[in-house]
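Here are some short exercises to try with a structure on your screen. Have a go at each task before you read its solution.

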Amino acid sequence: MCDESKPVDGEVNDNKYFSKTAATDAEVTFEHRSAPPETRLYKKRWVIVFLFSLYSLCNSYQWIQYGIINNIFMRFYGVDSFTIDWMSMIYMLTYIPLIFPVALLLDKKGLRVIALVAAALNCTGTWIKVASARPDLFPVTFLGQFTCSVAQVFILGMPSRIASVWFGSEEVSTACSIGVFGNQLGIAIGFLVPPILVPNVDDLDELAAHIRVMFYITAGVATFLFVLVVIVFQERPDIPPTHAQAAARRISPENYSYTASIHRLLRNKAFILLVITYGLNVGCFYAVSTLLNRMIIEHYPGEEVNAGRIGLTIVIAGMVGSLICGIWLDRSKTYKQTTLAVYLMSLVGMVLYAFTLDLGHLWVVFITAGTLGFFMTGYLPLGFEFAVELTFPESEGTSSGLLNCSAQVFGIIFTICQGKIMDSFNTLAGNLFLCAFLLIGTIITGADCSILIYLGICSSLIPQCPLMFQLMFKLLNTEKKHWVV
């Protein structure tokens with residue numbers, strides 16, 4: 001990131017606001033000017049963040065439940081693989097136009113309203129799916145998935161807001177990691193459970209029964225969580241956890257301009273770089289997750305269950321990475337250095353995964369996929385917390401919303417492009433496509449020069465990608481004949 005925008009020792013950012021770290025440090029001197037406001041940490045803060053994690057889990061599980069058994073749903077509903085890919089991509093597409101009104105609603109109405117809407121929509125979508133377990137009802141199951149995708153918009157921007165509203169300054173990164181943890185665990189369960197509940201049987205009536213059971217279980221869990229949210233979820237603690245939150249409460253909602261906040265964020269060069277690099281990294285994760293079944297089945301036919309287990313390995317490793325990174329950030333506050341290190345290792349993990357996928361040994365794929373997941377999905381909370389640090393005192397919901405919007409855009413582009421490359425060439429070609437963009441993201445993350453120079457380099461490289469890939473694939477196909485495994 002550019003030196004002029006780094007929030008070091010309370011240096012002013014481009015938007016003329018102090019960093020969150022500086023604001024926290026300023027609390028120490030607050031008492032020398034006037035009596036500091038009362039602060040308190042409530043035990044209920046852990047109930048709130050874990051309840052959020054649970055309904056986030058239920059929603060993210062459904063994102064991948066179709067894609068991980070892509071071939072089974074293709075046969076059941078009589079559609080092609082690209083159509084089933086859209087059952088995952090609809091989560092990304094829905095997010096893009098809705099995130100800004102939802103972020104505004106979060107700022108105006110608060111956490112409880114957003115939580116209630118998210119849980120209600122998620123519950124509704126699951127019951128629509130229950131009615132869709134017939135081969136002629138694909139539009140109904142798509143409607144259910146669309147409803148759940150709208151619920152996701154009300155979920156993804158919440159972790160950083162919950163962390164800042166409920167937790168102390170030494171806990172916010174850990175709390176944010178727990179919030180993201182639920183989303184990742186849901187994806188992990190989405191990789192693991194559908195291949196077990198819906199085996200690849202020939203009889204369509206039997207297959208419909210298995211699909212119906214899966215949908216009923218999901219609907220039951222979503223309904224239970226909705227009831228819990230109605231009863232338990234609280235807007236905010238009676239007494240704020242930090243002096244910064246106490247100051248934030250004194251700002252009237254009428255004095256807050258959402259449009260002005262967006263404009264300030266878009267003028268923050270360091271944040272814009274983070275938006276781009278976050279989108280590249282998480283977009284690659286979305287593409288790998290959506291197309292994982294196709295990748296594994298191509299090289300290991302009949303291994304639907306192991307495809308799910310490999311996805312589970314990716315996400316579980318990422319959950320461990322998320323928690324470790326969150327704890328490390330709480331202690332060190334080395335946002336840029338940690339982000340760069342994790343980004344670089346994500347690139348290394350992607351390269352290892354790409355070149356070991358077709359070796360014929362599933363145990364090797366499990367190891368390389370776990371390495372990839374540890375760093376790539378471990379990056380998720382880093383991006384959120386780095387954004388809060390770069391943009392304080394702007395709303396956490398707005399900054400995280402822009403990050404997620406970038407991820408959805410790149411996720412759709414990467415999923416479609418990688419799928420087409422896999423169809424035209426092979427899985428290695430598709431994975432190398434992602435490696436190229438992770439390399440660009442790593443360069444931008446570590447850049448200390450002008451933003452315009454690096455964006456200019458990227459814009460000049462991207463149009464050359466098709467030619468580069470064609471030459472690379474010809475070389476690889478030639479060289480691969482001489483490889484000895």
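**Exercise 1: the end of a chain of contacts**

Work out whether Asp 423 counts as buried or exposed, and find its salt-bridge partner.

*Solution.* Keep in mind that you're looking at a predicted model.
- Step 1: Asp 423 has a relative accessible area of 55%. The cut-off for exposed is over 50%, so Asp 423 is exposed.
- Step 2: Now look for the partner. Arg 294 makes a salt bridge with Asp 423, and their closest N and O atoms are 2.6 Å apart. Arg 294 sits in helix α12 and Asp 423 in helix α17 (residues 396–424), so this pair ties together parts that are 129 residues apart in sequence.
- Step 3: Check the other end. Arg 294 has a relative accessible area of just 16%, so Arg 294 is buried.

**Exercise 2: follow the network**

Which residues are linked with Arg 294 in a network of salt bridges?

*Solution.*
- Step 1: Start from Arg 294 and look for another partner. The side chain of Asp 85 meets that of Arg 294 in a salt bridge, at 3.2 Å from N to O. Asp 85 belongs to helix α4 (residues 81–109) and Arg 294 to helix α12 (residues 269–299), so the bridge ties together parts that are 209 residues apart in sequence.
- Step 2: Check the cover. Asp 85 and Arg 294 are both buried.
- Step 3: Put the pairs together. The network links Asp 85, Arg 294 and Asp 423.
- Step 4: Count up. The structure has 3 salt bridges. One of them joins Arg 134 to Asp 136, with the closest N and O atoms 2.8 Å apart. Arg 134 is partly exposed, at 43% relative accessible area.

**Exercise 3: check a helix with a ruler**

What span should helix α2 have, and how far apart are its end C-alpha atoms?

*Solution.*
- Step 1: Helix α2 covers residues 44–64, which is 21 residues.
- Step 2: Take 1.5 Å times one less than the number of residues. For α2, that gives an expected span of 30 Å.
- Step 3: Compare. The end C-alpha atoms of α2 are 31 Å apart, which agrees.
- Step 4: Look at what's around the helix. Of the 21 residues of α2, 16 are buried, so α2 is largely enclosed by the rest of the structure.

Try the cover check on another helix, too. In α7 (residues 158–166), 9 of 9 residues are buried, including Arg 161 and Trp 166.

**Exercise 4: patches on the surface**

Which residues make up the patch of negative charge, and which form the nonpolar patch?

*Solution.*
- Step 1: The negative patch gathers Asp 202, Asp 203, Asp 205 and Glu 206 on the surface. Pick Asp 205, which is in helix α9 (residues 204–232). At 63% relative accessibility, Asp 205 is exposed.
- Step 2: The nonpolar patch consists of Leu 344, Met 345, Val 348 and Leu 352, and together they have about 290 Å² of accessible area. Here, pick Val 348, which is in helix α14 (residues 335–356). Its relative accessible area is 35%, so Val 348 is partly exposed.

**Exercise 5: far in sequence**

How far apart are Val 230 and Ala 115 in sequence and in space?

*Solution.*
- Step 1: Find Val 230 in helix α9. At 37% relative accessibility, Val 230 is partly exposed.
- Step 2: Along the sequence, Val 230 and Ala 115 are 115 residues apart.
- Step 3: In space, their C-alpha atoms are 8.8 Å apart.

Technical notes:
Residues are numbered from 1 along each chain as its sequence is written. This is a predicted model: local features need pLDDT of at least 70, side-chain atom pairs count only at pLDDT 80 or more; totals for chains, interfaces and linings use all residues. Side-chain values use heavy atoms; hydrogens and water are left out. Patches are made of residues with over 30% relative accessible area and no salt bridge: like charges are joined within 9 Å, nonpolar side chains (Val, Leu, Ile, Met, Phe, Trp, Tyr) within 5 Å. Accessible areas come from the Shrake-Rupley method with a 1.4 Å probe; for residues, only the protein chains shown count as cover. A salt bridge is a side-chain nitrogen of Lys or Arg within 4 Å of a carboxyl oxygen of Asp or Glu. Lys and Arg count as positive and Asp and Glu as negative; His and the chain ends are not counted. The place of a charge is taken as NZ of Lys, CZ of Arg, CG of Asp or CD of Glu. Helices (H or I, at least four residues) and strands (E, at least two) are DSSP runs, numbered from the N terminus. Buried means under 20% relative accessible area, exposed over 50%, partly exposed in between (1.4 Å probe, protein chains only).
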